[in-house]
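Hi everyone, thanks for making time for this. I'd like to walk you through a structure that is probably new to most of you, so let's get it up on the screen.

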Amino acid sequence: MSIEVQAVSKSYGTQLALKEISFSAKKGEIIGFLGPNGAGKSTMMKILTGYISPSKGTVFVSGINVLTNPIEAKATIGYLPEQNPLYQEMYVKEYLQFQAAIFKVSKETIATVIKTVGLTPEVHKKIGQLSKGYQQRVGIAAAILHNPDVLVLDEPTTGLDPNQLQEIRTLIKDLGKEKTILFSTHIMQEVEAVCDRVIIIKKGELLLDASMKDLKQSNEQIIEVTFDYKLEEQFIQKLPNLKTYKNNFDNTWYLSFDSLEDMRPVIFDFAQENGLKILELSSKNQRLETLFTELTA
Ligand code: ADP
Ligand code: MG
């Protein structure tokens with residue numbers, strides 16, 4: 001196991017921020033750590049990365065006990081804290097060289113990391129001159145300089161505009177091909193787009209720990225599709241496995257299916273066979289959306 005959290009509790013004075021949290025992550029998994037503000041996400045991440053100690057419980061990262069062997073453990077962890085603390089006056093390259101010196105990382109590695117996170121065009125700028133999206137890349141670059149197996153990212157996409165958000169999500173997915181990633185967010189759709197597994201916490205308690213695959217399989221598929229043509233109900237009913245349908249706007253249909261098969265290609269074929277064009281199509285994981293709302297309400 002890459003991450004093993006065993007019955008971790010944390011209190012700040014009289015306030016219990018985490019209550020007996022246990023979960024684990026397999027090597028290479030991308031886990032979305034989801035919860036409303038104040039749920040305890042950052043607290044859990046600080047414990048996981050050895051920045052604060054739990055009041056109770058144990059944490060292993062890459063098989064190393066973070067409490068008893070913090071230095072060895074930190075060598076296998078990359079951490080992007082919530083308020084990505086960067087030196088605004090430093091140049092990107094200068095900052096990464098400074099961080100690299102701490103881990104005794106070679107110049108070649110710095111160059112590779114700059115490429116990996118897509119910082120090349122901005123590398124000669126001061127950090128303070130960068131957009132928030134590029135600043136996050138600098139933070140992620142600093143976190144992966146020492147090539148850790150486990151990456152802990154605390155709300156890496158908060159405060160980004162939609163384009164930057166998409167780019168950082170893609171970067172997380174790419175990094176996840178080689179690393180185990182735990183990242184926190186309060187955006188449910190983000191988990192759906194990026195993760196293999198989702199963990200939901202609220203008020204310090206673990207509410208859900210499930211693979212996206214299981215969630216999707218036990219799920220009815222909801223698809224929203226817009227055709228270039230107004231269709232009759234009888235026509236839509238020809239779609240296989242259709243459970244419910246609704247047509248709020250003229251050419252847009254909200255369809256739900258009872259099927260394990262991905263219905264999107266089926267709808268494309270259906271459109272083509274009937275001489276229709278699809279102007280827009282999106283699928284929604286109703287279950288996770290509802291779950292999150294219900295669990296955290
Ligand atoms: P999240 O990251 O999910 O928003 P946090 O882990 O930051 O949640 O906070 C969990 C709870 O612990 C909150 O109620 C917060 O006010 C409290 N808390 C966090 N850090 C401290 C601290 N250093 N001292 C006292 N309370 C804290
Ligand atoms: Mg937080």
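Before anything else, please keep in mind that this is a predicted model.

Let's begin at the metal. Which residues supply the protein donors of the magnesium ion, ligand 2? They are Ser42, through its OG, and Glu82, which appears twice with OE, at 2.1 to 2.7 Å from the ion. These two come from distant parts of the chain, 40 residues apart. Ser42 belongs to helix H1, residues 41-48, while Glu82 sits in the loop between strand E6 (77-80) and helix H3 (92-103). Is Ser42 buried or exposed? Its relative accessibility is 14%, so Ser42 counts as buried. Glu82 has 33%, and therefore counts as partly exposed.

Now for the inside of the protein. The largest nonpolar core has 48 residues, and Leu96, Val138 and Val198 have the most contacts inside it. Helix H5, residues 132-144, gives this core its largest share, six residues. Apart from that core there is another, of 25 residues, including Ile3 and Phe23. If you zoom in on Val138, you'll find it touching Leu86, Val92, Tyr95 and Leu96, among others further than four places away in sequence.

Last stop: H5 and its partner, helix H6, residues 162-175. Their axes come within 9 Å and cross at roughly 15 degrees. That is under 35 degrees, so H5 and H6 count as roughly parallel to each other. Their crossing is right-handed. Among the residues making the contact are Gln136 and Ile140 of H5, with Ile168 and Leu171 of H6.

That's my tour, and thanks for listening!

Notes:
Residues numbered from 1 in each chain as written. Chains lettered and ligands numbered in written order. Predicted model: local features only at pLDDT ≥ 70, side-chain atom pairs only at ≥ 80, totals over all residues. Heavy atoms only, no water. Donors = N, O, S within 2.8 Å, 3.2 Å for Na, K, Ca; no water. Helix = DSSP H or I, 4+ residues; strand = E, 2+ residues; numbered from the N terminus. Buried < 20%, exposed > 50% of the residue type's maximum accessible area, 1.4 Å probe, protein only. Core = buried A, V, L, I, M, F, W, Y, C linked by side-chain atoms within 4.5 Å. Contact = heavy atoms within 4.5 Å. Axes fitted to C-alpha atoms, helices over the stretch in contact; angles between N-to-C directions. Parallel < 35°, antiparallel > 145°, perpendicular 65-115°, else oblique. Left-handed = near helix turned anticlockwise from the far one by under 90°.
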